[in-house]
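I opened a new notebook page for this model. My plan was to look up the metal sites, then some strand pairing.

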Amino acid sequence: VAKEQGDGFYHFYDSLIENQRAENMQLENDLKSALHGGQFTLYYQPKIDAGSGEVIGAEALIRWMHPDFGVVSPAKFIPLAENSGTILDIDEWVLREACRQNKSWQSQGLAKFPVAVNISARHFYQSNLIPMITRILNETGLAPECLVLEITEGTLIHNVEYGVQVMEDLRKMSIHISMDDFGTGYSSLSQLDRLPINEMKLDRSFIQGLVEDSKKSSIVRAVIELGHHMDLRVVAEGIESPDELRYLTELECDQFQGYYFSKPLPSQEFSSFVRQWDGSALIQIP
Ligand code: C2E
Ligand code: MG
Ligand code: MG
Ligand code: MG
């Protein structure tokens, strides 16, 4: 039946998949030269403190300026880089660049806040992770307190024991760990009390529609309470509206991130943002 009715559709569908696969193969191949070709750049998105309204952090987010395709989203190329192993070099570059940049902001008197770097699950299990971070901190002169690593819950499903060990080692070095996209992963609650983390970031999917959806808001309320019970800082990501901000403020969320404050910005624009920021968006929510 399907054949009679939908052959054309299946051909169309097959060719879509085929195009996607070809594009991915090209991107995966191009990734190899992207790093040496200087095609990566870091954008920074501010984290805002609920109490003071100040900028108290920056998350580094990678962008790939592809010579043919323009800007390629990390959501697209990070999974490809994870498959091919290029991720190890990319993560190392991101760490070095983010630490260098934060140190430079500190020297200019701009930043007194840490920079957060996303670390891929694959990298978290490399035995050279800690030596590499130590080397980068030495090279750039950034204090370990000024570095936060963001990992996702999925990172730990590979090997919780080992993952927790790495986190303990990082904690001993005074590097903070943030659990990114909290609530979207796997087995998070059963392990939560064992994890030496400092912060949980509520995934944007919880924030979207939060104000209208009473079930969603009870989940968010419960997660924030849970986080506080465990002495964790709770950060909401993806805040886009004053209503969301007002609501999360009522729920005593500790830090905010989202387009409502600023999109991720190139380093120069980020500095300008910090210089002109006076926390007024928090003091007078429209
Ligand atoms: P993430 O770490 O959860 O980062 C948050 C994503 O949400 C970013 O997308 C950010 O631009 C976006 N975002 C922030 N606020 C808002 C908002 O208010 N509305 C909407 N619609 N989006 C918002 P981006 O930069 O495309 O990054 C996607 C993901 O790619 C990141 O999710 C992270 O998992 C990964 N990633 C980004 N940079 C790196 C990197 O340097 N290394 C690694 N390993 N992964 C990275
Ligand atoms: Mg992140
Ligand atoms: Mg996130
Ligand atoms: Mg995410």
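My entries on the metal sites and the strands follow.

**Ground rules.** I am reading a predicted model, where local features need pLDDT of at least 70, side-chain atom pairs count only at pLDDT 80 or more, and totals for chains, interfaces and linings use all residues. Residues are numbered from 1 along each chain as its sequence is written, chains are lettered from A and ligands numbered from 1 in the order in which they are written, and side-chain values use heavy atoms, with hydrogens and water left out.

**Ligand 2.** I looked up what holds this magnesium ion. Glu59 (OE), Asn118 (OD1), Glu150 (OE) and Asp180 (OD) coordinate the magnesium ion (ligand 2) at 2.0 to 2.3 Å. Donors here are N, O and S atoms within 2.8 Å of the metal (3.2 Å for Na, K and Ca); water is not among the atoms, so sites may look incomplete. Along the chain I read the donor spacing as E-x58-N-x31-E-x29-D. Glutamate 59 sits in strand β2 (residues 55–66) and asparagine 118 in strand β4 (residues 115–118), 59 residues apart. Helices (H or I, at least four residues) and strands (E, at least two) are DSSP runs, numbered from the N terminus.

I then checked burial. Buried means under 20% relative accessible area, exposed over 50%, and partly exposed in between (1.4 Å probe, protein chains only). Glutamate 59 is buried at 5%. Asparagine 118 is partly exposed at 26%.

**Ligand 3.** Which residue do the magnesium ions (ligand 2 and ligand 3) share? I found aspartate 180 coordinating both, with the ions 4.0 Å apart. Aspartate 180 is buried, at 6% relative accessibility. The magnesium ion (ligand 3) takes Asp180 (OD), Asp181 (OD) and Glu237 (OE) twice, at 2.1 to 2.7 Å. Its donors follow the spacing D-D-x55-E.

**Ligand 4.** Asp181 (OD) is listed twice as protein donor of the magnesium ion (ligand 4), at 2.7 to 2.8 Å. This ion lies 5.7 Å from the magnesium ion (ligand 2). Aspartate 181 belongs to strand β6 (residues 176–182). I noted aspartate 181 as partly exposed, at 24%.

**Strands.** Two strands pair if DSSP finds at least two bridges between them. Strand β7 (residues 199–202) runs parallel to strand β8 (residues 233–236), with four bridges. Leucine 202 is partnered by alanine 236 in β8. Two bridges join β8 to strand β9 (residues 255–256), also in parallel. There, valine 235 has glutamine 255 of β9 as its bridge partner.
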